[in-house]
Amino acid sequence: MVDKAIAEFRAALRSATSVMVLSGAGVSAESGVPTFRGAGGLWRRWSATELATPEAWARDAGLVWEFYDYRRRRMADVQPNPAHHALAAFEARWSAAGRELELVTQNIDGLHEQAGSRAVTRLHGSIWHVRCLRCGAVTPNRDVPITPAYEGAGDPDPHAHARRFTADDLPRCACSGILRPHVVWFGESLAEEDLGRAVAAAERCDALIVVGTSAVVYPAAGLIPLARRSGAVVCEINLSPTPATNGVDYHFCGPAGVVLPELLEGLPEVG
Ligand code: BJW
Ligand code: ZN
């Protein structure tokens, strides 16, 4: 039986023209990608959020690349799960019916795109792209290891023998500049175009689905009250309450891979 609140939000979707989805790490958890603030969020003795900073890079770029190389190795083989597939299938039906869907993700793993989602705005970049610190070029890169020096490195065990990497071990651009992961670290600005697109979608949407995010990282978390103030009906799908929960219309407690397919199934109805 479909839950009453689910039925109510489905009714809101039925009458919506423009829908926005804001996704976070919880959407990829069922694919085996660890979240940031949950169990499995530690690599050696660091949390992901300690190494995802310009300060960590300035201190030890070789270590930061080792951490990203490890995550790239883990992410290389994961597959989209029913949550990613439900969103991609929904987008296909929704846009065929002439309606608008904007999927704004904080995830850097590329799983939404892999599932077939098309209108994806990546607020925090992509782990599968690198950026040159000298010429600024952004290029796709799926090399694992990122350079031969990282072969066999990345052991997450806190007691692992720590290897030191030097500037010679780091990946280089054709211009010989050092390459860094094309992701957004704490204290760095989001790409203006991406944030502008997300803000416009939040202001325009009739319904917002917030899924699998702890809603603590800004400016992404600020999109939720922005959409609500702009008149959207907002639901949150999460395993537990978040700081955003009190400000949304519906909180659906459960795994994204179960709740999203149920919420979106068969919408919009045609005929
Ligand atoms: C499930 C589930 C299942 C599990 N089903 N659910 C305003 C106020 C306060 C601070 C700031 C502010 N504005 C800016 C800041 C500073 C900072 C910030 O937000 N700090 C706060 C943490 C305090 N923001 C920034 O620095 C941003 N830049 C910026 O604003 O520039 C201008 C500026 C700079 C300085 C000062 C002021 C302005 C940049 C943020 C970049 C975030 N980068 C990262 C790393 C990306 C690269 C990488 O991966 O290595 O992005 S941090 C990390 O957090 C990553 C994520 O995208 C992001 C959000 O995490 P997410 O997705 O929510 O994951 P989790 O793990 O936190 O939550 C998972 C959730 O899923 C949980 O709730 C689970 O329950 C749930 N879940 N399984 C459903 N199966
Ligand atoms: Zn370059």
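Here is a short walk through two bound partners in this predicted model, a zinc ion and a second ligand.

Let's start with the metal. The zinc ion (ligand 2) is held by four sulfur donors, the SG atoms of Cys132, Cys135, Cys173 and Cys175, at 2.3 to 2.4 Å. The angles among these 4 donor atoms run from 97 to 120°, and the site is tetrahedral. It counts as tetrahedral because all of its angles lie between 85 and 135 degrees. If you trace the donors of the zinc ion along the chain, you will find the spacing C-x2-C-x37-C-x1-C. Cys132 and Cys175 are 43 residues apart, and this pair links distant parts of the chain. Cys132 belongs to strand S6 (residues 125-132), while Cys175 sits in the loop between strand S7 (138-140) and strand S8 (179-183).

How buried or exposed are these two cysteines? Cys132 has 3% relative accessibility, so it counts as buried. Cys175, at 27%, counts as partly exposed, because that class lies between the 20% and 50% cut-offs.

Now turn to ligand 1. It is surrounded by 35 residues, and the closest are Arg37, Tyr68, Thr213, Ser214 and Asn238. The backbone also comes within reach of the ligand's polar atoms. A polar backbone atom of Gln106 is 2.9 Å from an oxygen atom of ligand 1, and a backbone N or O atom of Gly187 lies 2.7 Å from an oxygen atom of the ligand. For Val184, a backbone N or O atom lies 2.9 Å from a nitrogen atom of ligand 1. On its own, ligand 1 has 1,500 Å² of accessible area, and the protein covers 75% of it.

Note on methods:
Residues numbered from 1 in each chain as written. Chains lettered and ligands numbered in written order. Predicted model: local features only at pLDDT ≥ 70, side-chain atom pairs only at ≥ 80, totals over all residues. Heavy atoms only, no water. Donors = N, O, S within 2.8 Å, 3.2 Å for Na, K, Ca; no water. Tetrahedral: all angles 85-135°; square planar, octahedral: opposite > 155°, others 65-115°. Helix = DSSP H or I, 4+ residues; strand = E, 2+ residues; numbered from the N terminus. Buried < 20%, exposed > 50% of the residue type's maximum accessible area, 1.4 Å probe, protein only. Near = heavy atom within 4 Å. Polar contact = N/O pair within 3.5 Å; in protein donor to acceptor, adjacent residues only side chain to side chain. Areas by Shrake-Rupley, 256 points an atom, 1.4 Å probe, with all protein chains shown as cover.
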